[in-house]
Amino acid sequence: MDIPIAAISTSDTIIRMADLKPDPDALLPLPAATLHILMALTEEDRHGYAIIQDVAARTGGELKLSAGTLYRSIQRMLEQGLIRESRERPGPEFDDERRRYYRITDFGRRVGNAEAARLSQLVKLARSRGFAPGRA
């Protein structure tokens with residue numbers, strides 16, 4: 001599991017933070033940028049600019065993350081345990097040592113799945129009330 005290891009002592013019991021199972025639903029609903037960043041990292045580790053490019057390509061240019069939005073989101077996602085910095089790097093001929101690569105964590109995948117389920121349920125509810133994408 002990709003959760004930082006720490007210990008909390010309560011009377012005679014020691015609880016390791018790694019043993020706690022965070023609830024993905026506690027972070028929902030996700031900001032759109034967060035969900036798109038998680039999706040960009042599902043197939044491979046990426047550096048910031050590659051994430052920006054992936055999001056723009058996947059949305060047909062409809063969503064273009066600014067560097068400020070991206071790196072504020074990344075900082076928050078690192079703190080929440082959704083992603084982590086990757087130690088693996090491409091070969092030097094394909095890399096710039098200044099780049100930081102990011103990887104989705106198991107918890108990040110669980111949160112992404114929970115958000116997708118939430119959105120799917122929301123669409124079902126909207127359709128049951130007469131809203132249907134693409135219909136007038």
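Me: What makes the pairing between the side chains of Glu-115 and Arg-118 a polar contact?
Reply: In this predicted model, the side chain of Glu-115 meets the side chain of Arg-118 at 2.8 Å, and because a polar contact requires a pair of N or O atoms within 3.5 Å, the pair qualifies as one.

Me: Why is Glu-115 called buried?
Reply: The relative accessible area of Glu-115 is 2%, and since buried means under 20%, this residue of helix H4 is classed as buried. Leaving out residues up to four places away in sequence, Glu-115 touches Leu-28, Pro-29, Leu-30 and Leu-35.

Me: Why does Leu-122 count as partly exposed?
Reply: Leu-122, which also has its place in helix H4, has a relative accessibility of 46%, and because partly exposed lies between the limits of 20% and 50%, that is the class Leu-122 receives. Together with Leu-119 and Leu-125, Leu-122 makes a nonpolar surface patch of about 240 Å².

Me: How do you know that Asp-54 forms a salt bridge with Arg-58?
Reply: The closest N and O atoms of Asp-54 and Arg-58 are 2.4 Å apart, and as a salt bridge needs a side-chain nitrogen of Lys or Arg within 4 Å of a carboxyl oxygen of Asp or Glu, the pair meets the criterion. The two residues are 4 residues apart in helix H2, and so are separated by about one helical turn. Asp-54 is buried at 17% relative accessible area, whereas Arg-58 is partly exposed at 35%.

Me: What makes Glu-85 and Arg-100 a salt bridge, and which parts does the pair tie together?
Reply: Their closest N and O atoms are 3.9 Å apart, and because the cut-off is 4 Å, the pair is counted as a salt bridge. Glu-85 lies in strand S4 (residues 83-85) and Arg-100 in the loop between S4 and S5, so the pair ties together parts that are 15 residues apart in sequence. Elsewhere, salt bridges that share partners join Glu-44, Arg-46, Asp-54 and Arg-58 into one network.

Me: Which residues touch the most other members of the largest nonpolar core?
Reply: Among the 22 residues of that core, Ile-51 and Ile-83 touch the most other members, and the largest share, 5 residues, comes from H1. Apart from its neighbours within four places in sequence, Ile-83 is in contact with residues including Leu-38, Leu-41, Ile-74, Met-77 and Tyr-102. In soluble globular proteins, nonpolar side chains tend to be buried together.

Conventions:
Residues are numbered from 1 along each chain as its sequence is written. This is a predicted model: local features need pLDDT of at least 70, side-chain atom pairs count only at pLDDT 80 or more; totals for chains, interfaces and linings use all residues. Side-chain values use heavy atoms; hydrogens and water are left out. A nonpolar core is a set of buried Ala, Val, Leu, Ile, Met, Phe, Trp, Tyr and Cys residues joined through side-chain atoms within 4.5 Å. Buried means under 20% relative accessible area, exposed over 50%, partly exposed in between (1.4 Å probe, protein chains only). Contact means heavy atoms within 4.5 Å. Patches are made of residues with over 30% relative accessible area and no salt bridge: like charges are joined within 9 Å, nonpolar side chains (Val, Leu, Ile, Met, Phe, Trp, Tyr) within 5 Å. Accessible areas come from the Shrake-Rupley method with a 1.4 Å probe; for residues, only the protein chains shown count as cover. A polar contact is a pair of N or O atoms within 3.5 Å; within protein, one must be able to donate a hydrogen and the other to accept it, and residues adjacent in sequence count only if both atoms are side-chain atoms.
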